[in-house]
Amino acid sequence: MAAVTVNSRTDSVFGNKRSINANVSIAADADTWATGLAIIESVHASSPTNNAIGATISGGTVTFQTGGAEALAYVQVIGL
């Protein structure tokens, strides 16, 4: 498992939740992103080429499921 490349990132706080909006490049299936959050409650990912992107969560790390490389995917993570 390799780490995704974070091209840009914006962190926001809404009440007691943190939101991270990021543009990432995923090189291959099972690439990971250590967000810096302690707990992730939800992940939303979209591909500029309309390919499906899945995600699993473990603590503050997201593991992406893709059919291959995904350049410039948009991801929103909400957590603590």
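Me: Thr56: what does it count as at 41% relative accessibility?
Reply: Partly exposed, because its relative accessibility is 41%. The class lies between buried, under 20% relative accessible area, and exposed, over 50% (1.4 Å probe, protein chains only).

Me: Is this experimental or predicted? What were the ground rules?
Reply: This is a predicted model: local features need pLDDT of at least 70, side-chain atom pairs count only at pLDDT 80 or more, and totals for chains, interfaces and linings use all residues. Residues are numbered from 1 along each chain as its sequence is written, and side-chain values use heavy atoms, with hydrogens and water left out.

Me: Back to Thr56. Which strand is it in?
Reply: Thr56 sits in strand 5. Strands (E, at least two residues) and helices (H or I, at least four) are DSSP runs, numbered from the N terminus.

Me: And what is Thr56 in contact with?
Reply: Thr61, Val62, Thr63 and Gln65, leaving aside neighbours within four places in sequence. Contact means heavy atoms within 4.5 Å.

Me: How far is Thr56 from Thr32, C-alpha to C-alpha?
Reply: 9.5 Å, with their positions 24 residues apart along the chain.

Me: Which sheet holds strand 5?
Reply: An open sheet of three strands, order 3-6-5, with antiparallel pairing. Its edge strands are strand 3 (32-34) and strand 5 (54-58), each paired on one side only. The twist averages 20 degrees from one strand to the next. Pairing takes at least two DSSP bridges between two strands. For angles, axes are lines fitted to C-alpha atoms (for helices, over the stretch in contact), and values run from 0 to 180 degrees between N-to-C directions.

Me: How many bridges join strand 3 to strand 6?
Reply: Three, and the two strands run antiparallel. Trp33 stands opposite Val62 in strand 6.

Me: What else does Trp33 touch?
Reply: Not counting residues up to four places away, its contacts include Val4, Val6, Arg9, Ile20, Ala22, Phe64, Val75 and Val77.

Me: Which residues have the most contacts inside the largest nonpolar core?
Reply: Val24, Ile26, Trp33, Phe64, Val75 and Val77, in a core of 15 residues. Strand 2 (17-26), strand 4 (40-46), strand 6 (61-65) and strand 7 (70-79) each supply at least two core residues. Strand 2 gives the most, with four. A nonpolar core here is a set of buried Ala, Val, Leu, Ile, Met, Phe, Trp, Tyr and Cys residues joined through side-chain atoms within 4.5 Å.

Me: What about the four-strand sheet, what order?
Reply: 1-2-7-4, open, with antiparallel pairing. Strand 1 (5-14) and strand 4 are at the edges with a single partner strand each, so one side of each is left without a neighbour in the sheet. Neighbouring strands are turned by 15 degrees against each other on average, direction ignored.

Me: How many bridges between strand 2 and strand 7?
Reply: Eight, in the antiparallel sense. One pair: Ser19 has Ile78 in strand 7 as its bridge partner.

Me: New topic. How many helices and strands does the chain have?
Reply: Zero helices and seven strands.

Me: Why does the radius of gyration agree with a compact globule?
Reply: Because a compact globule with 80 residues would have a radius near 12 Å, and the chain has 12 Å. The radius is taken over C-alpha atoms; the globule rule is 2.2 Å times the number of residues to the power 0.38.

Me: What box do the C-alpha atoms fill?
Reply: Roughly 35 × 20 × 20 Å, along the principal axes.

Me: What share of the residues counts as buried?
Reply: 32% of the 80.
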